[in-house]
Structures are given as structure tokens and as C-alpha cells.
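Here's a walk through one predicted model. Have the sequence and coordinates open and follow along.

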Amino acid sequence: MRSTLLAPVFSVRAFAELMLHLKLQTSLQAAVRAVLPDADVANVLVRPCPDARHGDYQSNALIAVAKQGKLNPRQLAEQVQARLDVTEICDAVEISGPGFLNFRVRPAALAGVLQAAARGEHLFFAKAAQPRTVVIDFSSPNVAKPMHVGHIRSTGIGDSLQRVFRLLGHRVITDNHIGDWGTQFGKLLLGWKQILDRDALAADAIAELERLYKVINAECDATPARLEEAKQELVKLQAGDAENIAVWQEMIRVSQAQFDTIYGRLGVKFDHALGESFYNPQLGAVVNDLLARGIARESEGAVGVFSDGSLPPKSDPFLVNRDGEWSADPALVRKSDGGFNYMTTDLATVDYRLRTWSPDEIVYVVDDRQAPHFRKLFLTFARWQPEAAAKVKLVHVGFGKILGEDGKPFKTRSGDTVKLGDLLDEAEARALKVVTEKNPDLPGAERNEIARIVGLGSVKYADLLPNRQSDYQFSWDKMLALQGNTAPYLLYAHTRVRSILRKGAELSAVSGQQPAVSLNAPDEIAVAKQLLNFGLVLEAVAEEYRPNFLCNYLYDLAGRFARFYESCPVLKAEGAERATRLLLCELTGRVLRQGLEVLGIETTDQM
RNA sequence: GCACCCGUAGCUCAAUUGGCUAGAGCGUCUGACUACGGAUCAGAAGGUUCCAGGUUCAACUCCUGGCGGGUGCACCA
């Protein structure tokens, strides 16, 4: 039942009708060419007005064009305006300020787009004309460790981005680069063999593995002999010892089961989960190739990639300044003991992904602290495989920390990291309390389901809302509030839409056919205009890797809908007015649902 | 020490190629309730966008220099 609503089929004609700003842009570019045949119109763009008082769409490009041709921008604007024919969409085009063109869309033009949407031809966005293949690498939990609050951001942002790219028609490959290899397994193996509690493992495998690690790690810190034992276990694992391999695989298996539980709750899926160990067989060859090509060299027994001097020292990630002297800060690809580093794994991973999927783009959703690592990785890869690197865009989508309400890194009261499972439990419990307060008459099962959607949605939304590069404060009260830019507010707006539509029984007669659409009230028009910008926002999210653009858009839409709801009775209206208002409800509901869905948030008809 | 990120209303946060009068929520103050579910809506007050220069017709946005906070700086990932 959802697919019919969420997967509209597009026709080419609907696409052209849908993007009013593109039609305006085409007309504007033609008018500029008529005035200035030699002008470069590639940057003559029409965008939504940041301030509705000036109009619906604007172009500020004429100012730049005038400057280039040493013309008076105001005069140029007037000449262009005289050649501009957009009567189909706008009543008049205004010139303001130094040479802005402001477009005000006629309600009839809006109505046409709404009608096409009513016929199911689009939902205010269009599939990409040139689909790209995009690999998205996110979440990346570690084996034998619990997923914690730190994984929310990568998982939520990454999942939202992959949903947006898919919705826009791109070919997306998601890959969970699980931490399933590394020195910690020496200690874990030692613990498994000597102090494993089978009952505890059965009850809570991750907790038991975590205990093993902590105990052995403390022992290793205290006694060098113990550390040596752990190292021997690691060496045996790396050498392919059958017993150690079997134990290691068992640790991965039980960890994966825990990951799957969390991902199941979050509704997150991956196309692949090729962990670090997957690349083990290739690491030696990567290093040898880097050595053979003179990109890496030996230093102090290790092998590293050093600066090639192509960048100024200040912006060269392979250099570090110590006491006024620039010295080497190489990317190590082999340790002095012969082991490999995660740089090596990451290089092999890029190589594998390019060979396997030929992506146009690889996106890493990883916290900002690793920015220097990714700069080194991307630069090293470009030196290693210049031809391949030229064809792919490698992007590090970084994000800031989650802070507690005291402004310090988010921890439990006892100072431990917050486990993701516990966090989700608490979100649902808190949401249930609110739902029970507001709606005590609902059956318990329904309240639980609503609480699940609201609780998980609140956590996800609170995480996606802030500009991802900055840190944000985690606040239960704020994310669960019914007022303000929150998931509950948006979900509530959706339930109000659904409530009206349940009562507007003849809606089925409205959608599917050609409803009479007549936009008159300012609050009707305000909703309609916002609906039209859905596609632009989705494209901006994909362009900047920033789901918060979509959050802000949806909040704006919900606000406009609330005003419309307040001032424009739907069910008491008649004729074309009623049909128009029902349609606005229907389309607002669909956009809210689709928008929340690509944020990874489910919707509900009741709260 | 060096590099990167951040600094916007009392608090938490926005601001779509640099665009016209910098926006929300909370908190404070004032209105609208037997409601198409008020879990709402309308309005008021609240700003030298850390500071100082610079570029530009136009700067929260770009550049330079400070100040304040965070993070990272060879064999962890």
C-alpha cells in the first residue's frame, strides 16, 4: 500500500511541468542571450527567494553578467526584463535592489503542478537525468565492542544520504566497513581461551567480550609477560592458526548478531559488510606496489608515504610543524613489526571498490577527527592510481560530537559511554510516557507502536537536524518536545493530515482524476509553494551531503500546513475549495511521509 | 608549537552559487479553546553574527591578523 504513494512514476512531460524554476531559468537565459549574444549564461540561475517578501523565485545573476560586460546592472535587468516571456508562470517580473529579478508565481501555475502530482505523475522531485554510482561507507562498528552513542551519527547520516541518493535515482552501494581485524584480537583470544564465561556469552555476548578485553588489557598493562602472551595469540591468528581463526570468526558472528539487532530497530540495511579483514590478502601487494612505484619508502623500520612536496607545507597533511620546523608526518602502511595499518586497508578498500563497482563517487561518513586521515588517504590514492583517481570523487562527510546537556561529551551518569541499545530503549520509554499522558485511551499495543516510532524518530531527527559539522547537545526534552523543530511535531502534523483525510471520504475520487484546483487563500498558496520546492531540497541534500536541509524544509512545510489548517476549514468547505484543500492535505501528507522516510523515520496515522 | 573545525538572541540551533529588512524553538510577556484531535495557532520583546582590518554593488558566508572553545599531530582504528 505504501509503494503506490511513495514511488510515483514519472513522465517526461510531468518533469518539465514540475520544475517551475527551471522553466523560468530557461526563459531567462534565452532573454539574456537575446540582449547579450556573447554572454555566458551557464551561471544564470533561478533559485527560490530566501525572503518571500521579494517573491517566490529570484535571480541575482544579471548583476554578475553586467559586471563582466561593464554594464549598468539595473539597465541590463530592464533590457532583459523586456525580452523575458514568462507569462505562463508569472504575472510580472520585478526588478529590485542593484538588479535582482524577482518572480512571483501565479496560483494557476501552481495548480497545474499540483494536479500533475494528484495524478501521481510526480511528488515534486525528479529522478536525476544522469544517475551516478555512489558507494556510501558508514556506521563501521567494531567487533567485540557494543555499538554506542557515537555510532548514531555515522549510521543516521549515512542511512539518510543513501536513501536520498536512491530516491533521486542514483545507483547506491552501501558498505559497512566493520572493524573485524586488529591488535585487540590478541587480547580477546587470550581472554576467550582462559577466562570465558559461556553462560555470560550466551546471555549477552558483547558484554562478555567487552569484559574479556578489559580484564586482559589490565593484566597486560601490569605484566609484560601477559602482553607477550596476547601478542603470540595475535601472531597465531595472523598466521592462520585454525583454532584462533575459528574463535575469531565466532566473535565476529556474535557481534554481527548484535549489530543486526540494532540495525533492525533502526531500519538500516547494507548492501555489503566487507570488514577490514576482507582486505587482508591484498595488503602486502599494496605496500609492495607503493614501494615499487616510489610512493612509499622505509623509515625507522616502518614503511610510509611521505610528502611529495606538491603542496605548500601549511596545507600538506604529510608534514607537521614541531617547534618551528616542518618535519615528516607520513601515512604508515606497514609497521616495523611487519603488520599493516588502517591506511593500508583503506587504500586496498578504495582499490577494491573501484575495480568492483566503478563508482563515480565514494562517500565516507566518518567523524571529523579523522579528517587528516582521509586527506592522506585521498592524496595517497591519487599518487598511487592517478588515472583511476581522476574518475572518482572521494568525499569525507565528517560530523561533530554529541555533547551532554552540560556541554561535555555525552556519557552516562557514571561516566561510561552510552550504549546505543540502551539509548533506543530509553527513547521509546520516554516517548511511551508522553503518548500515555496525551492519549491514555489508546490500547496498549498501539501506544507501544506509536512510542517506538516517535522515540526512534526523535533520536534520529535530533541527530540529523543540526549542521553536521558542528557538535550538538543531546537533550531528551528538546527532541521529544511537541513544539519546535522536532520529530514529534512533524509526526503530529502528519497525523492531522491523516485525520482529515480519513474523514474526507470522497478523497479517493479526488486523487487519480483531474480535481478542480483553485488556490485562493494565502495560506493555501503558501503550502503549495513549499510543496514545489521539495525536489530542490532533496538535490541540495545530495549535493552537500546535508540531511539537515531536508529537516528544515519539512519543518517549514509542517508550519505552513498548521497555519493553513488553522485558517482554512477543509471538511466544511464545498466544491472546488474543498477539493483543493483536500488535495493540499493529501500532498502535504505524502511529502511529509516521503521526506521523513528518507530521513529514516517512520510515520504514523495516530499519536 | 603547528594544522583543521567551531564561535549567530539569555539557552539550544537555522540561514540553499556571497543577495535585498539574519530566522525558529525554549524561556519572558499578550491574545485565541464544548477544536476538521489545542500535542495548536496569532502577536510582542530580545542581535555591533567573538574582535580588528580587507575584497565586493552586496559579507554570518570569502581573505589576513588576533581572541575564545574543540579536535588531531608515525608504527591504535
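Ser277 counts as buried in this predicted model, because its relative accessibility is 15% and the cut-off for buried is under 20%. You'll find Ser277 in the loop between α12 (242-266) and α13 (280-292). Leaving aside residues up to four places away in sequence, Ser277 touches Asp180, Trp181 and Trp248.

**Around the RNA**

Now for RNA strand B. There are 72 residues surrounding the strand, and the closest are Glu276, Lys335, Asn467, Lys503 and Tyr565. What kinds of residues make up the surface near RNA strand B? They split into 27 nonpolar, 23 polar and 22 charged. On the RNA side, 57% of the strand's atoms within 4 Å of the protein belong to sugar or phosphate, and the rest belong to bases.

Some side chains make polar contacts with RNA strand B, and these three can be set side by side:

| Residue | Atom type in RNA strand B | Distance |
|---|---|---|
| Arg47 | sugar or linking oxygen | 3.3 Å |
| Lys401 | sugar or linking oxygen | 2.5 Å |
| Arg546 | phosphate oxygen | 2.5 Å |

Which element gives the most to the surface near RNA strand B? That's α24, with eight residues. Several elements supply at least two residues each, among them α4 (61-68), β4 (100-105), β15 (472-473), α20 (487-503) and α24 (548-567). The strands β9 (319-322) and β10 (325-328) are on that list too.

Those two strands are worth a look on their own. β9 and β10 pair in the antiparallel sense over four bridges, and they form a hairpin with two residues between them. In the turn, Asp323 has a positive phi of about 55°. If you want a register check, the bridge partner of Arg322 is Glu325 in β10.

**Just past α24**

Follow the chain on from α24 and you get to Val570, in the loop between α24 and α25 (575-598). Is Val570 buried or exposed? It's buried, because its relative accessible area is 5%, and anything under 20% qualifies. Not counting residues up to four places away in sequence, Val570 touches Ile500, Phe564, Arg578, Arg581, Leu582 and Cys585. One of those partners, Leu582, is twelve residues away in sequence, with a C-alpha to C-alpha distance of 6.4 Å from Val570.

**Strand β5 and the cores**

Strand β5 (residues 133-137) is mostly covered, with five of its five residues buried. Thr133, Val135 and Asp137 point one way from β5, while Val134 and Ile136 point the other way. Burial holds for both of those sets. How does β5 pair with strand β6 (residues 171-175)? The two run in the parallel sense, over five bridges. Within that pairing, Ile136 stands opposite Thr174 in β6.

Zooming out to the nonpolar packing, the largest nonpolar core has 146 residues. Which residues have the most contacts inside that core? They are Leu101, Leu114, Phe124, Leu423 and Leu550. A second core, separate from that one, has 33 residues, including Leu283, Val303, Leu347 and Val392.

Technical notes:
Residues are numbered from 1 along each chain as its sequence is written. Chains are lettered from A and ligands numbered from 1 in the order in which they are written. This is a predicted model: local features need pLDDT of at least 70, side-chain atom pairs count only at pLDDT 80 or more; totals for chains, interfaces and linings use all residues. Side-chain values use heavy atoms; hydrogens and water are left out. A residue is near a molecule or strand if one of its heavy atoms lies within 4 Å of it. A polar contact is a pair of N or O atoms within 3.5 Å; within protein, one must be able to donate a hydrogen and the other to accept it, and residues adjacent in sequence count only if both atoms are side-chain atoms. Ala, Val, Leu, Ile, Met, Phe, Trp, Tyr, Cys and Pro count as nonpolar, Asp, Glu, Lys and Arg as charged, and the others, Gly among them, as polar. Two strands pair if DSSP finds at least two bridges between them. Buried means under 20% relative accessible area, exposed over 50%, partly exposed in between (1.4 Å probe, protein chains only). Contact means heavy atoms within 4.5 Å. A nonpolar core is a set of buried Ala, Val, Leu, Ile, Met, Phe, Trp, Tyr and Cys residues joined through side-chain atoms within 4.5 Å.
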